[in-house]
Amino acid sequence: MCGIVGYVGARNATTLLVNGLKRLEYRGYDSAGVSLMNGQGVETRKAKGKIAMLEAAIEAQPIHGNIGIAHTRWATHGPPNECNAHPHHDCSGTISLVHNGIIENYSPLRAMLQKTGHTFVSDTDTEVLAHLIEAAFDGNLEEAVIDALALVEGTYGIAVISAKDPDKIVAARKGSPLLIGIGDGEHYVASDVAAILQHTRQVVYLDDGEMAILTRDSYRVCDLDAKTVKKGVSRIDWDLDKIEKGGFAHFMLKEIFEQPQTIENTMRGRSVDEDGFSKLGGLNLSKEFLQHLDQIIITACGTSWHSALIGELMIEEHARVRVEVEYASEFRYRNPIVSEQTLCVVISQSGETADTLAAMREAKRRGAKTLGLVNQVGSTIAREDDGGVYLHAGPEIGVASTKAFTSQVIALALLTLKLSRLRNMSVVQGREITQALAALPAQIQTILDSASDIEKIAEAFVDAENFLYLGRGYNFPVALEGALKLKEISYIHAEGYPAAEMKHGPIALIDENMPVVFIAPHDAVFDKVVSNVQEVKARGGRVIVITSREEPALAGKIDYEIRVPETIDMLYPVLTVIPLQLLAYYIAAKRGLNVDQPRNLAKSVTVE
Ligand code: F6R
């Protein structure tokens, strides 16, 4: 959620760091700052609000230097204002530090430091780190950082510079992502590769408990006992245009339109038509384990949790394995039943969500095998799971998740196919699924081709205050996802329900002001949903139906119809969610809202 970028080299770091921060804007933030080593000491500029405000502050009072650190902050401790923005300093102003994560014991540490004469200026937990490093400093910055971190409880990704040990950046990580970028006579540190991709593709991912010392000509990674750790260098293989808008008004719209390609990428080389089978190279799970596992737990948050619900239905229907879906934030604090025959599937676009990571670690501790369905290559979940299936959807920049969702559903379908064919599914049934999968990219394209019709429908609902989304079976999670998309970017209150549950309460809300979206393709429960449509229409609700063919039973009962192509029941969510993404997008855009960075939200939630 917060962003870090740092640079040490020969170039003027100011513009480079500010541009790096701009690449991290999508993650959500409410203030920003930069510190540079200016030849005499550390100089800092900070601003509340957008990076443009920071640029204005720098323009008013320029700063120069070729070693620096910068940060975008998403407020946790103390309101978003200039004082609480990072970087933070020690009393002497010679140490400057940026931090992602939360220092849980900051309160006693602050009191202890105040007793020994340290003066604090912000409300943040971060500031204690700068003072702890000051207290420990004895001429060598990395040693002081090690001593300071020994006192800290919580999570951190930090980058620190000091005018008293001026040629280096020291970075350290526990629970908050950080990587080093290797350039020619220059080095970078960043919380997200997007910040430095313009300059280098060679990166080293830090693991928890590791620290890096970067100078112009070298980098060294060590543990918190100062012992050198040997690290591999990874090459980033995607291009910068993947994190640019490419002519679309917003990243979200671009990402919605990318879905024919992104789901194709998720499937590539994995869905084997003639055998009705799927190949998933990174599972690291034996055939025997997959044939005999007795329970699957799928854990995730938000949109990823919605895809998990679809996975549950697919796996139980076809592979006949018991599946529990758990919010990661709940799973990690209860006492779940997990055995060595349990597979814990962890779904995360970012691979960094704190609750999901903690849930995965808990499942592992209890003996489960873990399998990550992750989009972000090299992320913490992807590195810590026992096996993984990368989504290959490419970087998702819009805060509202779209293409990651459809790729997650595809990855779950491939997993279902694998499990089912190993256990109880015939080749003929398997082929039915692989053929339906292969048809999806072109089918999504036909929905996207009619985006302007959905835009017109959106116009009629720009001023709506509430929305209800109803679906059954495979499309109940889609109803939840449609409601989440709308509420998070348009700020319209929206709820998703299983359609038949409406009678048990929500029906009281229905009048001529209540738009109701039915997700009703022609699947096994279509006729049941038609009855629910009638119940809403009879009470004057405004009905939008997502369906898959002309249906006499719906004639005269709906106000707007959006058509999706036909597919097999388990894959309908990949199609029915597309109009809901577009509807949410167009409503929010027409309300003039910041679609890609909705208020209060961050792209990856790395705090509990
Ligand atoms: C909604 C959204 C969030 C994320 C959730 C989990 O559009 O993006 O609900 O799905 O924060 O994030 P990941 O998948 O990165 O673990």
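Biologist: How many salt bridges are counted between domain 1 and domain 2?
Modeller: The count between these two domains is three salt bridges. The model is a predicted one.

Biologist: What makes the contact between glutamate 244 and arginine 23 a salt bridge?
Modeller: The side chains of glutamate 244 and arginine 23 meet at 3.2 Å, N to O. The cut-off is 4 Å between a side-chain nitrogen of Lys or Arg and a carboxyl oxygen of Asp or Glu. The pair therefore qualifies, with 3.2 Å falling within 4 Å.

Biologist: Which other polar features does the interface of domain 1 and domain 2 show?
Modeller: Five residue pairs are in polar contact across this interface, both residues of each pair being at pLDDT 80 or more. On the side of domain 1 that touches domain 2, five residues are nonpolar, four are charged and none is polar.

Biologist: Where do domain 1 and domain 2 lie in the chain, and how far apart are their centres?
Modeller: Domain 1 covers 3-237 and domain 2 covers 243-446, while domain 3 covers 451-590. The C-alpha centres of domain 1 and domain 2 are 34 Å apart. Nine residues of domain 1 contact eleven residues of domain 2. About 960 Å² is buried between domain 1 and domain 2, and carbon and sulfur atoms give 47% of that area. Of the area that domain 1 buries against domain 2, 50% comes from Arg23, Tyr26 and Tyr205, more than from any other three residues.

Biologist: How many salt bridges does the rule give in total?
Modeller: The total by this rule is 26. One of them joins the side chains of glutamate 362 and arginine 366, with N to O at 2.7 Å.

Biologist: Why is glutamate 362 called buried, and what is arginine 366 called?
Modeller: Glutamate 362 has 15% relative accessibility, and buried means under 20%, so glutamate 362 counts as buried. Arginine 366 has a relative accessible area of 28%. That value lies between the 20% and 50% limits, and arginine 366 is therefore partly exposed.

Biologist: How do you know that lysine 485 and glutamate 481 are separated by about one helical turn?
Modeller: Both belong to helix α16 (residues 476-490) and stand four residues apart, which means a separation of about one helical turn. Their side chains meet in a salt bridge at 2.6 Å, N to O. Lysine 485 and glutamate 481 are both buried.

Biologist: What makes glutamate 566 and arginine 549 a link between distant parts of the chain?
Modeller: Their salt bridge has its closest N and O atoms 2.8 Å apart. The partners are 17 residues apart, with glutamate 566 in the loop between β26 (560-563) and α18 (572-590), and arginine 549 in the loop between β25 (542-547) and β26.

Biologist: Why are glutamate 566 and arginine 549 called partly exposed?
Modeller: The relative accessible area is 38% for glutamate 566 and 40% for arginine 549. Partly exposed applies between 20% and 50%, so both residues take that label. Elsewhere, Arg173, Asp208, Arg361 and Glu384 are joined into one network by salt bridges that share partners.

Biologist: Why is isoleucine 161 called buried?
Modeller: Isoleucine 161 has a relative accessible area of 0%. The limit for buried is under 20%, so isoleucine 161 meets it. Isoleucine 161 sits in strand β7 (residues 156-162). Leaving aside residues up to four places away in sequence, isoleucine 161 touches residues including Met37, Val42, Ile67, Ile95 and Leu141.

Methods
Residues numbered from 1 in each chain as written. Predicted model: local features only at pLDDT ≥ 70, side-chain atom pairs only at ≥ 80, totals over all residues. Heavy atoms only, no water. Domains from an automatic or database assignment. Contact = heavy atoms within 4.5 Å. Buried area = accessible area lost by both parts, 1.4 Å probe. Polar contact = N/O pair within 3.5 Å; in protein donor to acceptor, adjacent residues only side chain to side chain. Nonpolar A, V, L, I, M, F, W, Y, C, P; charged D, E, K, R; others polar. Buried < 20%, exposed > 50% of the residue type's maximum accessible area, 1.4 Å probe, protein only. Helix = DSSP H or I, 4+ residues; strand = E, 2+ residues; numbered from the N terminus.
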